[in-house]
There are 2 protein chains.
Amino acid sequence: MKRFAIITAGGIGTRMNATVPKQFLVLGNLPILMHSIKRFYDFDNSIHIILSIPEEYFEFWKQLLKKYKFEIKHRIVAGGNTRFQSIKNSLDRINEDGIVAVHDGVRPLVSKETIKRTFDTAEKYGNAVASCDIVFSLRKTENGKNFALNRNFYKEIQTPQAFNTGDLKRAYNVDFMEEFTDDASVFEAAGHKINLVKGNRENIKITSPEDLIIAEALLNRVF
Amino acid sequence: MKRFAIITAGGIGTRMNATVPKQFLVLGNLPILMHSIKRFYDFDNSIHIILSIPEEYFEFWKQLLKKYKFEIKHRIVAGGNTRFQSIKNSLDRINEDGIVAVHDGVRPLVSKETIKRTFDTAEKYGNAVASCDIVFSLRKTENGKNFALNRNFYKEIQTPQAFNTGDLKRAYNVDFMEEFTDDASVFEAAGHKINLVKGNRENIKITSPEDLIIAEALLNRVF
């Protein structure tokens, strides 16, 4: 089955206090995004990689590719105003049957095993979403009150999230809703049942300077 | 109002692959537990600190105190077979009115501001529990299915959790139940409404070797 990966980094985060968007910051010896691309390439050298970044950074990205002698083949697609629109733009470039994994560009520490579990299950059952157990006490807030929950019934959702290409394109053929925080929620709204697979604990989303420090610390440990 | 802190480290974790329990491992220049004790002392030099550790480590702890020339005054209480029992044992030593904060010994990166918010609110309203927003997509699992939730209605719970001493002692005067994952759940089961205050993102619970690496990275950043 043909495999695609959409690495989504269309946004220009403001939480980093950095002059370049976080996805371009350097982690270890490479910009964050190049780590993410490399993970999918290392999993499957023949995977088709689509990178979604803001259009105004196309030229900057090309300079980075040269600077870091980064040669893994990928297509570049302009990000939209929202994550939802960025994914839509990227899906427009996929016109073949297969499985497409959507992955947050700022999760460079996804393991090969997590990627494999996601594709394996999606290839069998039509979709798969990486997830982890909740390791802290969890409470629900409601009308100014809050109460304890049994954390065993809840899951932290990560990416990659992989889907049959045609099914995901159809699912995205709707207007944006507030509840769409990831691709699984869009896919579910289209009537599909979601399959959860095990992610990896280190697969953190880098959104703050603290996260970057944590990722630096984990990098050599994981790979 | 008189202030107490129970630093709970009664367990002997097995996830660390270390020869000593995790609470005694060194973070930066001090064993994890000494960092935790120091946070509360730095917040209030007159706070009464009770440390709960396994009885078989009392001698080892005394050696550590000497080795690290650690002189912050604290009482040592034997941990029980469960966290619940350890807290009960510690509460038996408190016979005065005031506010007691219970804190996981393996959360050495709690900030002074988090401790202050917890005590301030508990002194006003009888209890306060440190918490953080959920920053990932969240799903609920049920009967082999799962569905997306609105994460804005959920909170990650941390420690410290602070309570009126008499109220907490009465709340703990029950048999253990599976749902008691923290002190707030015990207190809530006794009929109290829980007040949430803001924790700090770096206030992680060290339970795996990866967590220790992360904590090392954050240590110099936070303090």
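The exercises below examine a predicted model of two chains, each with a worked solution.

Local features require pLDDT of at least 70 and side-chain atom pairs pLDDT 80 or more, whereas totals for chains, interfaces and linings use all residues. Residues are numbered from 1 along each chain as its sequence is written, chains are lettered from A and ligands numbered from 1 in the order in which they are written, and side-chain values use heavy atoms, without hydrogens and water.

**Exercise 1. Determine which rotation superposes chain B on chain A.**

Solution.
Step 1. Copies are superposed by least squares on the C-alpha atoms of residues with pLDDT of at least 70 in both.
Step 2. Chain B falls on chain A after a rotation of 180° with 0.0 Å of shift along the axis, at an RMSD of 0.0 Å. This is the relation of a two-fold axis.
Step 3. In chain B, the residue that comes closest to the rotation axis is B:Ile214, with its C-alpha at 2.6 Å.
Step 4. Contact means heavy atoms within 4.5 Å. Of the contact residues of chain B, 100% recur in chain A, and the same surface therefore serves both copies.

**Exercise 2. Locate B:Asn200 and describe its surroundings.**

Solution.
Step 1. Helices (H or I, at least four residues) and strands (E, at least two) are DSSP runs, numbered from the N terminus. B:Asn200 occupies the loop between strand S11 (196–198) and helix H7 (209–222) of chain B.
Step 2. Buried means under 20% relative accessible area, exposed over 50% and partly exposed in between, for a 1.4 Å probe and protein chains only. With a relative accessible area of 7%, B:Asn200 is buried.
Step 3. A polar contact is a pair of N or O atoms within 3.5 Å; within protein, one must be able to donate a hydrogen and the other to accept it, and residues adjacent in sequence count only if both atoms are side-chain atoms. The side chains of B:Asn200 and B:Glu202 make such a contact at 3.0 Å. A polar atom of the B:Asn200 side chain also lies 3.2 Å from the backbone nitrogen of B:Ser111.
Step 4. Beyond four places in sequence, the residues in contact with B:Asn200 include B:Leu109, B:Thr114, B:Cys132 and B:Gln158.

**Exercise 3. Characterise the aromatic pairs of A:Phe24 with A:Trp61 and of B:Phe163 with B:Phe187.**

Solution.
Step 1. Rings of Phe, Tyr and Trp (its six-membered ring) pair if their centres lie within 6.5 Å; planes under 30 degrees apart count as stacked, over 60 as edge-to-face and the rest as tilted. Over all chains, 22 aromatic pairs are found.
Step 2. A:Phe24 and A:Trp61 have ring centres 6.1 Å apart and planes at 50°, so this pair is tilted. A:Phe24 lies in the loop between strands S1 (3–8) and S2 (26–27) of chain A, and A:Trp61 in helix H2 (residues 58–67), 37 residues apart. A:Phe24 is buried at 3% relative accessible area, as is A:Trp61 at 0%.
Step 3. The rings of B:Phe163 and B:Phe187 are also tilted, at 4.6 Å between centres and 50° between planes. B:Phe163 belongs to strand S10 (residues 154–164) and B:Phe187 to helix H6 (residues 183–189) of chain B, so the pair ties together parts 24 residues apart in sequence. Both residues are buried.
Step 4. In chain A, ring pairs link A:Phe24, A:Tyr57, A:Phe60 and A:Trp61 into a cluster.

**Exercise 4. Establish which face of helix H3 of chain A its buried residues line.**

Solution.
Step 1. Within helix H3 (residues 83–91), the buried residues include A:Phe84, A:Ile87 and A:Leu91.
Step 2. Viewed down the axis of H3(A), the buried residues lie within an arc of 165°, so they line one face of the helix; the arc is that of the directions from the helix axis to the C-beta atoms.
Step 3. Among the elements of chain A that cover these residues are strand S4 (48–53), strand S6 (99–104) and helix H5 (165–171).

**Exercise 5. Describe the backbone at A:Pro160 and at A:Lys69.**

Solution.
Step 1. The peptide bond from A:Thr159 to A:Pro160 is cis, with omega near 10°. A:Pro160 lies in strand S10 (residues 154–164) of chain A and is buried at 0% relative accessible area.
Step 2. A:Lys69 has phi near 45°, a positive value in a residue other than glycine. A:Lys69 is placed in the loop between H2 and S5 of chain A and is exposed, at 69% relative accessible area.
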